[in-house]
Amino acid sequence: MKGSIDLGVQPRGNAFPKPDGLAGEFFYPLIVGMCDSCAMVQLMADIPQEVRYHDQYPYRASNSTVHSAHFAGVAHRLLRTELTGHDRFIVEIGCNDGVMLASIAEAGVRHLGVEPSQEVAELARSRGIEVLPRFFDEETAAQIRAGYGPADVIFGANVIAHISHLDSVLKGAVTLLGPDGVFVFEEPYLGAVVEQTAFDLFYDEHSFVFSVSSIRAAARLFGLDLVDAEPLAIHGGSMRYTLAKRGARRPTPAVAELLAAERARGLDRHATLEELNRRAERVRDDLTSLLRSLRAEGKRVAGYGAPAKITTVTNYCGIGADLIPYVCDSTPSKQNRVVAGSHIPVVPPSVFRRDRPDYAVLFAWNHAEEIMEKESGFTGRWIVYIPEVRIL
Ligand code: TYD
């Protein structure tokens with residue numbers, strides 16, 4: 001495996017340190033490579049998961065109304081398809097604040113959320129969800145199977161690609177699933193990352209960016225078949241994968257169609273990542289020169305949204321509070337903190353509305369529609385940098 005994308009030295013994407021707690025920030029080289037045999041796109045460095053998913057992990061899945069509606073939809077679809085019948089059982093890996101399992105619990109279906117981050121696990125519990133505060137791996141899977149019996153569904157959203165011990169997760173799925181059970185997960189899609197030049201989706205938590213071909217190859221190693229794949233618009237372009245035990249289900253035509261499309265697009269070739277690296281460099285150069293010229297003209301610029309992605313883009317581009325004095329975000333646990341490494345202060349959206357800057361860089365670009373609608377009173381202009389730098 002060789003590194004094809006170099007995003008420089010980076011801190012943890014979701015660290016959001018307090019302004020007085022900047023000593024000893026953790027940095028690592030953010031280099032992305034592709035496996036020579038299965039074309040899995042992954043970070044070259046492995047950051048211990050205990051460093052990443054600490055007790056105060058700030059991400060709240062329910063923060064976006066679009067996402068909440070999406071996950072209620074996922075729950076209702078599973079209830080209609082895989083979870084009909086007597087005494088069904090679903091396990092969600094990384095259930096966060098219970099955004100998906102809440103609908104399952106409401107329907108009275110047996111469930112278990114596996115969630116190591118304490119604060120979000122508590123939120124899930126307060127919604128009536130049963131939570132096991134652990135990381136999911138082979139051992140956890142065996143423990144759940146012993147205590148609850150086999151699962152009909154294992155679900156994960158924006159979490160499986162975060163787990164560097166993917167081998168142990170897949171082995172755990174084999175252990176925990178019943179004979180006709182399915183492992184369904186949705187994650188940001190390599191095809192969308194390449195198409196949109198979304199280099200900021202690479203950060204410490206995203207150990208992998210999956211494709212249909214790399215997931216199919218990885219699953220095979222552990223006795224699982226990829227039986228369905230479904231493109232999703234969420235998170236700027238995701239894919240929902242369905243794995244089943246070998247031979248248990250016939251793959252849908254979508255699997256072969258998507259594999260052929262990926263081969264045609266070169267998603268299994270190093271050269272594709274190298275081209276993405278070049279496009280990221282162009283975005284970096286264009287964004288920094290735009291921000292410098294706006295500063296020279298005396299324009300006031302703010303940032304909108306502090307997703308983990310902001311850490312990658314600001315540290316890669318060398319953008320600090322000198323170019324973007326603050327960024328607003330609706331997540332209370334990120335407010336009054338700073339973006340790791342670049343130290344741009346995070347403030348509540350009320351500050352943005354009062355301040356009325358001339359320009360706003362949209363860092364939460366995957367929520368563009370929702371944010372622009374919410375901020376329809378904004379009289380300045382939006383700056384986007386995905387797939388290229390533009391002033392709207
Ligand atoms: P998101 O892209 O969901 O996560 P990630 O950290 O995985 O990249 O994060 C979106 C951020 O944008 C989140 O911190 C909340 C913020 N946000 C707002 O401030 N206002 C909004 O209207 C929306 C939808 C999100």
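How do the residues of the shell around the ligand divide into nonpolar, polar and charged? The shell comprises 7 nonpolar, 6 polar and 5 charged residues. The structure is a predicted model, and its protein contains 13 helices and 17 strands. The ligand is surrounded by 18 residues, and the protein covers 95% of the 560 Å² of accessible area that the ligand has on its own. According to UniProt, in an unreviewed entry, residues 234–387 carry the feature "domain: C-methyltransferase".

**Ligand site**

- The closest of the 18 residues that surround the ligand are A308, K309, D329, K334 and K374.
- At A308, the contact involves the backbone: one of its polar backbone atoms is 2.8 Å from an oxygen atom of the ligand.
- At D329, the contact involves the side chain, where an N or O atom is 2.7 Å from an oxygen atom of the ligand.
- K334 also contributes through its side chain, with a polar atom 2.8 Å from an oxygen atom of the ligand.
- With the protein in place, 95% of the ligand's own 560 Å² of accessible area is covered.
- Among the secondary-structure elements, helix α13, which spans residues 368–374, gives the most to the shell around the ligand, namely 3 residues.

**Overall form**

- The protein has 392 residues and a radius of gyration of 21 Å, which agrees with the value near 21 Å that a compact globule of this length would have.
- Taken along the principal axes, the box filled by the C-alpha atoms is roughly 65 × 45 × 40 Å.
- Of the 392 residues, 58% are buried.

**The annotated span**

- The UniProt record, an unreviewed entry, places "domain: C-methyltransferase" at residues 234–387.
- In the model, this span is 41% helix and 16% strand, and its end C-alpha atoms lie 16 Å apart.
- G247 is located in the loop between β11 (238–245) and α9 (253–265). Its relative accessible area is 63%, so G247 is classed as exposed.
- The C-alpha atoms of G247 and D225 are 7.3 Å apart in space, although these residues are 22 positions apart in sequence.
- A260 belongs to helix α9. A relative accessible area of 39% makes A260 partly exposed, and the C-alpha atom of A260 is 9.3 Å from that of S213, 47 residues away along the chain.
- D286 is part of helix α10, residues 270–296. Its relative accessibility is 36%, so D286 counts as partly exposed.
- D286 and V389 are 103 residues apart along the chain, yet 6.4 Å separates their C-alpha atoms.

**Backbone features**

- Most residues other than glycine have a negative phi, and most peptide bonds are trans. The residues below are set against that background.
- The peptide bond that joins I386 and P387 is cis, with omega of about 0 degrees. P387 is situated in the loop between β16 (381–384) and β17 (390–391).
- F16 is not a glycine, but its phi is positive, at about 40 degrees. This residue is in the loop between β1 (2–10) and β2 (28–34).
- F16 has 2% relative accessibility and therefore counts as buried, the cut-off for that class being under 20%.
- D87 likewise has a positive phi without being a glycine, here of about 50 degrees. The loop that holds D87 runs between α2 (65–80) and β4 (89–93).
- D87 counts as partly exposed because its relative accessibility is 45%, a value that falls between the limits of 20% and 50%.

**A contact in space around helix α6**

- S168 is in helix α6, residues 166–176. With 11% relative accessibility, S168 is counted as buried.
- E138 is 30 residues from S168 in sequence, while the C-alpha atoms of the two are 5.3 Å apart in space.

Key
Residues numbered from 1 in each chain as written. Predicted model: local features only at pLDDT ≥ 70, side-chain atom pairs only at ≥ 80, totals over all residues. Heavy atoms only, no water. Near = heavy atom within 4 Å. Polar contact = N/O pair within 3.5 Å; in protein donor to acceptor, adjacent residues only side chain to side chain. Areas by Shrake-Rupley, 256 points an atom, 1.4 Å probe, with all protein chains shown as cover. Helix = DSSP H or I, 4+ residues; strand = E, 2+ residues; numbered from the N terminus. Nonpolar A, V, L, I, M, F, W, Y, C, P; charged D, E, K, R; others polar. UniProt positions renumbered as here; feature names shortened; annotations may be inferred. Rg over C-alpha atoms; globule rule 2.2 N^0.38 Å. Buried < 20%, exposed > 50% of the residue type's maximum accessible area, 1.4 Å probe, protein only.
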